[in-house]
Every structure is written in C-alpha cells, then in structure tokens.
Amino acid sequence: MKILEAAIRDQNEVVRMNPSSSEDWWQLTLLLSLNGESGDQDSVRNSIQRTIELDDINHAWGHRDRYLTEPTREILRKLSVD
C-alpha cells in the first residue's frame, strides 16, 4: 500500500498545480477509490464531485478536447452512489 499512498500524494500535488483539469481529478479519483477501506471516503466523494463539476464546465464551454469519455462518466456515477 505504500506505493498507492505515494501515488495519491503525488496526484494530489498534480491536482494542486492544475486544479482545473478534469483528467487529473479523474486520476486522483481512481487512486483514492483503489485505496478502499483504508482510504478517506470524504476525499473520494469530494474528488468525484470535483471531477464531474469540471467535466460539466468543459461541456458547457465546449472544450471538446477536455471531455471525459462516457464510460469514465458512467464509472463516476457508479462511484458516487456507492
């Protein structure tokens, strides 16, 4: 688990440096969700919410090059209800 914890720490830094990237937030969401029971569920929920918010903004502003894929959005929806 040390590798996963280091990856989460590093991805948090990526998100801090580029807070408007839905892709970076998506990567953080994946890592946090992999952390499972030992992880902070509030962090997972916040990351999911921020990822969806940013993707919605990208859609509203027509940034097609920044859209998350539909399968990714489906995973986010499933994660948010669990």
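Begin with helices α3 and α4 of this predicted model, selecting residues 41–61 for α3 and residues 70–81 for α4. The crossing in which α3 passes α4 is left-handed. Their axes come within 10 Å and cross at roughly 145°. To display the contact, select Ile48, Thr51, Ile52, Asp55 and Asp56 on α3, together with Arg73, Leu76, Leu79 and Ser80 on α4. Coloured by residue class, this contact shows 4 nonpolar, 2 polar and 3 charged residues.

**Arg73 and Asp56**

Within α4, centre the view on Arg73. Is Arg73 buried or exposed? Its relative accessible area is 16%, so Arg73 counts as buried. Leaving out residues up to four places away in sequence, display what Arg73 touches: Ile52, Asp55, Asp56 and Leu68.

From there, move to Asp56, which belongs to helix α3. With a relative accessible area of 37%, Asp56 is partly exposed. Next, draw a distance from the C-alpha atom of Asp56 to that of Tyr67; the value is 8.5 Å, for residues 11 places apart along the chain.

**From α4 to α2**

Keep α4 on display and add α2, residues 22–34. The axes of α2 and α4 are 12 Å apart, and the two helices pack at an angle of about 45°. The pair is therefore described as oblique. Their crossing is left-handed. On the α2 side, select Trp26, Thr29 and Ser33; on the α4 side, select Thr72, Ile75, Leu76 and Leu79, which they meet. This contact of α2 with α4 has 4 nonpolar and 3 polar residues, and no charged residues.

**Along α2**

Now show α2 alone. How far apart are the end C-alpha atoms of α2? They lie 18 Å apart, and this agrees with the span expected for its 13 residues at 1.5 Å a residue, which should also be 18 Å. Next, colour the buried residues of α2: Ser22, Asp24, Trp25, Trp26, Leu28, Thr29, Leu31 and Leu32. Bring back the surroundings to see what covers these buried residues, which includes α1, α3 and α4.

Just after α2, select Gly36 and inspect its backbone: phi is positive there, at about 55°. Asn35 is also worth selecting, in the loop between α2 and α3. Its relative accessible area of 13% means that Asn35 is buried. Which residues does Asn35 contact, apart from its neighbours within four places in sequence? They are Met1, Leu4 and Ile8.

**α1 against α2**

Two of those contacts of Asn35, Leu4 and Ile8, also belong to the set of α1 residues that meet α2. Select α1 as residues 2–17, and keep α2 on display. The axes of this pair come within 9 Å and cross at roughly 155°. The two helices are therefore roughly antiparallel to each other. Viewed as a crossing, α1 passes α2 in the left-handed sense.

For the side chains, select Leu4, Ala7, Ile8, Gln11, Asn12, Val14 and Val15 in α1; these meet Asp24, Trp25, Gln27, Leu28, Leu31, Leu32 and Leu34 in α2. A colouring by class gives 10 nonpolar, 3 polar and 1 charged residues for this contact. Trp25 and Leu28, both in this set, are among the residues of α2 already coloured as buried.

**Met17 and Pro19**

Follow α1 to Met17. Is Met17 buried or exposed? With 57% relative accessibility, Met17 counts as exposed. A line drawn between the C-alpha atoms of Met17 and Thr51 spans 15 Å, and these residues are 34 places apart along the chain.

Finish at Pro19, in the loop between α1 and α2. At 44% relative accessibility, Pro19 counts as partly exposed. Setting aside residues up to four places away in sequence, Pro19 touches Trp25, Arg50 and Leu54. Trp25 has already appeared on this tour, as one of the buried residues of α2. As a last distance, join the C-alpha atoms of Pro19 and Ala6: they are separated by 19 Å, with their positions 13 residues apart along the chain.

Methods. Residues numbered from 1 in each chain as written. Predicted model: local features only at pLDDT ≥ 70, side-chain atom pairs only at ≥ 80, totals over all residues. Heavy atoms only, no water. Axes fitted to C-alpha atoms, helices over the stretch in contact; angles between N-to-C directions. Helix = DSSP H or I, 4+ residues; strand = E, 2+ residues; numbered from the N terminus. Parallel < 35°, antiparallel > 145°, perpendicular 65-115°, else oblique. Left-handed = near helix turned anticlockwise from the far one by under 90°. Contact = heavy atoms within 4.5 Å. Nonpolar A, V, L, I, M, F, W, Y, C, P; charged D, E, K, R; others polar. Buried < 20%, exposed > 50% of the residue type's maximum accessible area, 1.4 Å probe, protein only. Expected span 1.5 Å × (residues − 1).
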